Amino acid sequence: MVYINRFNLLNMNVLIYLFKRYTHRPKLSYAAFFFLFLGFQSFGQNVQIGEKLPIWEKGYLDIHHINTGNGDACFMILPDGTKLLFDAGILDEKAFQKRNAPLKITSTIPDDSRTAAEWIAHYIETVSPKNLDKKIDYALISHFHSDHYGSFAELGRMVPFATIIDRDYPKYDFPLDLRTYLKKDEIFQDYLAFQKESGAKIEHLEVGSDSQIELKKEPKQYPEFKIRNIKSGARLWRGEGNETRELFAKEDMTNFYNGKYNENPLSLAIKISYGPFDYFTGGDNTGLKGFGLPAWFDVETAMSEVVGKVEVATLNHHGNRDATNEAFVEKVNPEVVVQQTWCSDHPGQEVYQRLIYHEKSQEPRDIFATHIHEETKVAYGPWFVKGYTSMDGHVVVRVKPGGESYWVYVLDESDMRVKSVHGPYACE
């Protein structure tokens with residue numbers, strides 16, 4: 001199969017691309033632009049289509065959105081070699097499609113010869129330098145839905161975790177007693193059992209903190225790097241210091257759902273900053289307004305105010321129609337969007353429309369999906385397909401040391417070779 005790389009061209013083509021994409025920015029002088037171009041030539045240009053992605057090197061920030069077809073799984077290697085996992089999902093394809101017909105979900109990718117956890121472990125081993133400890137320093141669970149943590153315990157039994165962070169340890173009482181409510185939930189009960197056997201340190205996300213998740217090896221070498229804990233449960237960072245506020249009370253949710261609850265608006269969210277580069281990810285946080293929903297259901301609007309603009313963002317709730325609202329898109333305003341997809345109703349058409357719209361003075365967004373179903377393409381049509389930069393594959397964001405620029409690589413799931421190269425992108 002032949003893949004087209006729209007940026008793997010002669011230097012003149014790269015120069016033309018940079019000129020078109022960035023010279024409208026008022027803060028970028030032509031002299032700065034020229035030196036930006038020269039800097040790009042020493043970064044990323046040796047990555048060729050059909051080859052393996054070069055292994056992470058010290059100083060780089062690698063963010064791997066892994067496509068197993070089983071929900072979210074994101075593995076990161078931070079500038080000093082600290083490893084971070086954000087979610088590891090699994091799905092029961094037959095049960096889901098029987099319960100939700102005619103929706104289709106993705107089969108295990110690249111095939112069912114391994115479980116989703118085994119594919120994630122294989123991926124992590126493949127992209128990690130051999131001189132780094134096998135242990136994952138931080139393993140985060142955004143919320144307790146199977147497509148986000150269903151493979152977590154199985155993966156942790158293969159790849160050891162040093163610290164586990166979820167939204168409600170150790171009480172598990174928001175908005176109700178989860179140990180009782182989920183007593184028949186095999187995944188949650190296995191997660192509780194895994195906690196006891198893992199030997200890992202277990203914590204809840206400390207909202208507002210920028211020191212709970214920190215570089216473990218050489219933090220003094222990278223003072224420009226930090227991870228800010230934005231949200232967890234109903235608690236949101238205020239945007240200054242470590243101060244927080246509550247978006248809603250537990251009774252607000254349980255009363256609306258008649259004694260039950262919804263995990264999605266309780267998702268945790270973090271913002272990673274490396275110099276001028278910023279990245280946001282936030283599980284299944286919701287943002288839909290109206291249609292009989294209570295005001296508290298929209299957690300995105302308040303969250304976007306404290307997150308601010310970022311270079312790269314994952315779509316909340318896989319791009320589902322109850323998330324990624326207009327306020328969120330306008331405030332966060334990512335240049336690159338990563339959509340971790342697995343269902344034929346991902347994304348909602350209105351979500352897609354918000355993403356592709358931009359003022360004439362702004363550069364268009366590049367949208368990368370891990371997998372868009374053929375049924376979705378047929379239903380939405382050519383205008384939808386043309387708006388995506390990539391619709392299939394592992395999506396890797398590689399940030400240059402210091403965070404001044406980054407590239408995006410799409411990898412083939414079958415052999416992990418590079419399918420396409422995108423960038424360079426300049427950071428503001």
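## A walk from the sheet to the salt bridges

Start by selecting strand 11 (residues 277-281) and strand 12 (residues 312-314): the two run parallel and are joined by 2 bridges. Bear in mind as you click around that this is a predicted model. Now pick out Y279 and look across to strand 12, where V312 stands opposite.

Next, widen the selection to the whole sheet. It is an open one made of 8 strands, with mixed pairing, and the order to follow is 9-8-7-10-11-12-13-14. Colour strand 9 (244-246) and strand 14 (366-369) to see the edges; each has a single partner strand, so one side of each is left without a neighbour in the sheet. If you look at how the strands sit against each other, neighbours in this sheet are turned by 20 degrees on average, ignoring direction.

Time for side chains. Opposite charges can pair when the charged atoms come close, and this structure holds 14 salt bridges. Here are some to visit.

Show R167 and E263 as sticks. Their side chains meet in a salt bridge, 2.8 Å from N to O. This pair links distant parts of the chain, 96 residues apart: R167 is in the loop between strand 5 (161-166) and helix 7 (178-181), while E263 is in the loop between helix 9 (250-256) and strand 10 (269-274). Buried or exposed? Both R167 and E263 are buried.

Move on to D210 and R228, another salt bridge, with the closest N and O atoms 3.5 Å apart. D210 sits in the loop between strand 6 (201-204) and strand 7 (225-232), and R228 is in strand 7, so the pair ties together parts 18 residues apart in sequence. Turn on a surface and compare the two ends. D210 is partly exposed, at a relative accessible area of 32%. R228 has 11% relative accessibility, so it counts as buried, the cut-off being under 20%.

Now jump to helix 13 (residues 374-380) and select E374 and K377, which both lie in this helix, 3 residues apart, or about one turn. What do their side chains do? They meet in a salt bridge, at 3.0 Å from N to O. Check K377 on the surface too: its relative accessibility is 19%, so it counts as buried, again because the cut-off is under 20%.

For the last stop, select R157, D190 and E197 together. These three are linked in a network of salt bridges.

Technical notes: Residues numbered from 1 in each chain as written. Predicted model: local features only at pLDDT ≥ 70, side-chain atom pairs only at ≥ 80, totals over all residues. Heavy atoms only, no water. Salt bridge = Lys/Arg side-chain N within 4 Å of Asp/Glu carboxyl O. Helix = DSSP H or I, 4+ residues; strand = E, 2+ residues; numbered from the N terminus. Buried < 20%, exposed > 50% of the residue type's maximum accessible area, 1.4 Å probe, protein only. Pairing = 2+ DSSP bridges. Axes fitted to C-alpha atoms, helices over the stretch in contact; angles between N-to-C directions.
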